[in-house]
Amino acid sequence: MFDCRKAKNDRVKVRQLQRVLYRKSKQDKGGRFYSLYDKVHRKDVLWEAWRQVKANRGAPGIDGTAIEEVIAQGEEALINKLQKQICEGSYQFSPVRLVEIPKPKGGTRPLGIATVADRIVQTAMKLVIEPIFEAEFHDCSYGYRPKRNAEQASLAIREDLYQQAWGVVEVDLKAYFTSIPHEKLLKLIGRRIVDGSMLKLIKQTLKVGVMKAGGVEPTEVGVPQGSPIAPLYSNIYLNVIDQAWHTKGYPEKFGATLHRYCDDAILVCRKDAKPALEAFAEMAEELDLTLNREKTRITKLTDGFDFIGFNFVKRKSPKSGKNTIYVFPAKHTQQAIRNRLKFVTSRRAPIKPKDFLALIKPIVLGWVNYFRHTNANEAFRRLQRFIKTRFRRYLTHRSKGRGFGWQRYPNSKLYAMGMVYIGSGLIEYAGRPAHDSR
């Protein structure tokens, strides 16, 4: 049985390992790591990886095995099996199950769902190799990195916009995750990691293939978006641009500062934006990446722009009359949260009110926590009205009543029943930013 004390002890050991790897990488920037594979099959690393996979939940892969089934069949049995296979060098990754996920602004993006076992092994790999590369990542990058998040990115961008910026270049990389060339990515990884067994395992995660209707389609380029280790691969690859942009002095030369969150990037401009855009496009081309020219655009601050779910706009403050940078929840994110609440709830749902509210609460908490540091008062009020209306209609239908239930279910009664209240200091915010809420 994997009790809380053992979980805590294993977590401490894993963090100690990560700190050692990070310090070594930070102190010796050209240093190489020869012995990493044995750390992936350490019991404490595998248990910590399983804890993270279990917390993230997720759907089954091609084998149909869900998180709940692993728990029912015995967690320790799976960990022992994985440790033995990795130790012997016989572990093989399965093809990913492909699912098309709708994008907020139209279209879809392919999401590869790995098996639970594969997600555990990939997370264990990430725990070991991430500190090595984290030590060399640039501060302009915020996405999917330890102790860095979307809130920090939005605050840094807001502060940067105040430094005499007139506009931004909104950069869009065409099909980024499915365009990363394996050879170049492996070459970048090989500069720091020379453990042959580890490199073989890393290569396996890139070549797993995709399960489609006609069978397994081999993966010749790109990384499986949706896998635990894919964001790390993404940061390793785009860190080339991050570093080069600053090494070549482009922030001063072009008057453009770079901010990146995974494959989303913007250039905050103080001079003509076109030279900065072309310089970024040339860097991307050297990495075999292509800018989507239809979505890559130059935008004035007074017109506003969206980035990772936030809308930034320059307006005169109604109080001071001075030009002010406002940060709002983007309109498409406000629509997305309403659509998600509609999807998980129904006024005809045959469930009790407390269960109805239990479905809503974590979704609302995650969204509000993501935007609580912004100028979100009006967006929060609109969301609160939407939730109240939805809950009233459910209660009215449940009691076989008519109308919208305004008189029968006033606000005070809804809150007394446990409906979440979105107000400063009155909502139980999650301690961890919800990266997937945009």
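**A salt bridge between two domains**

Start with one pair of side chains. Lysine 184 and aspartate 288 form a salt bridge, and their closest N and O atoms are 3.4 Å apart. The model is predicted, so that distance comes from computed coordinates.

Where does this pair sit in the chain? The domain assignment splits the chain into domain 1 (1-135 + 182-220), domain 2 (141-174 + 235-329) and domain 3 (330-417). Lysine 184 falls in the 182-220 stretch of domain 1. Aspartate 288 falls in the 235-329 stretch of domain 2.Now turn to how these two domains meet. The centres of domain 1 and domain 2, taken over C-alpha atoms, are 31 Å apart. Eight residues from domain 1 and eleven residues from domain 2 make the contact. Together the two domains bury about 850 Å² between them. Carbon and sulfur atoms account for 57% of that area.

Charge plays a part here too. The rule finds two salt bridges across the interface of domain 1 and domain 2. The pair of lysine 184 and aspartate 288 is a salt bridge. Polar contacts can be counted as well: three residue pairs between domain 1 and domain 2.

Which elements give two or more residues to the side of domain 1 that touches domain 2? They are α6 (116-134) and α8 (182-190). Of the elements on this side, α8 gives the most, with four residues. Lysine 184 lies within the range of α8 (182-190). By class, this side of domain 1 has four nonpolar residues, four charged residues and no polar ones.

Next, look at the backbone inside domain 2. Most residues other than glycine have a negative phi. Two residues here go the other way. Cysteine 262 is not a glycine, yet it has a positive phi of about 60°. Its place is the loop between β6 (256-261) and β7 (264-269). Is cysteine 262 buried or exposed? It is buried, because its relative accessible area is 3%, under the 20% limit.

Isoleucine 308 is the other case. It has a positive phi of about 45° and is not a glycine. It lies in the loop between β9 (305-307) and β10 (310-316). Isoleucine 308 is buried as well, with a relative accessible area of 4%. Both loops fall in the 235-329 stretch of domain 2.

Definitions and conventions. Residues numbered from 1 in each chain as written. Predicted model: local features only at pLDDT ≥ 70, side-chain atom pairs only at ≥ 80, totals over all residues. Heavy atoms only, no water. Domains from an automatic or database assignment. Contact = heavy atoms within 4.5 Å. Buried area = accessible area lost by both parts, 1.4 Å probe. Salt bridge = Lys/Arg side-chain N within 4 Å of Asp/Glu carboxyl O. Polar contact = N/O pair within 3.5 Å; in protein donor to acceptor, adjacent residues only side chain to side chain. Nonpolar A, V, L, I, M, F, W, Y, C, P; charged D, E, K, R; others polar. Buried < 20%, exposed > 50% of the residue type's maximum accessible area, 1.4 Å probe, protein only.
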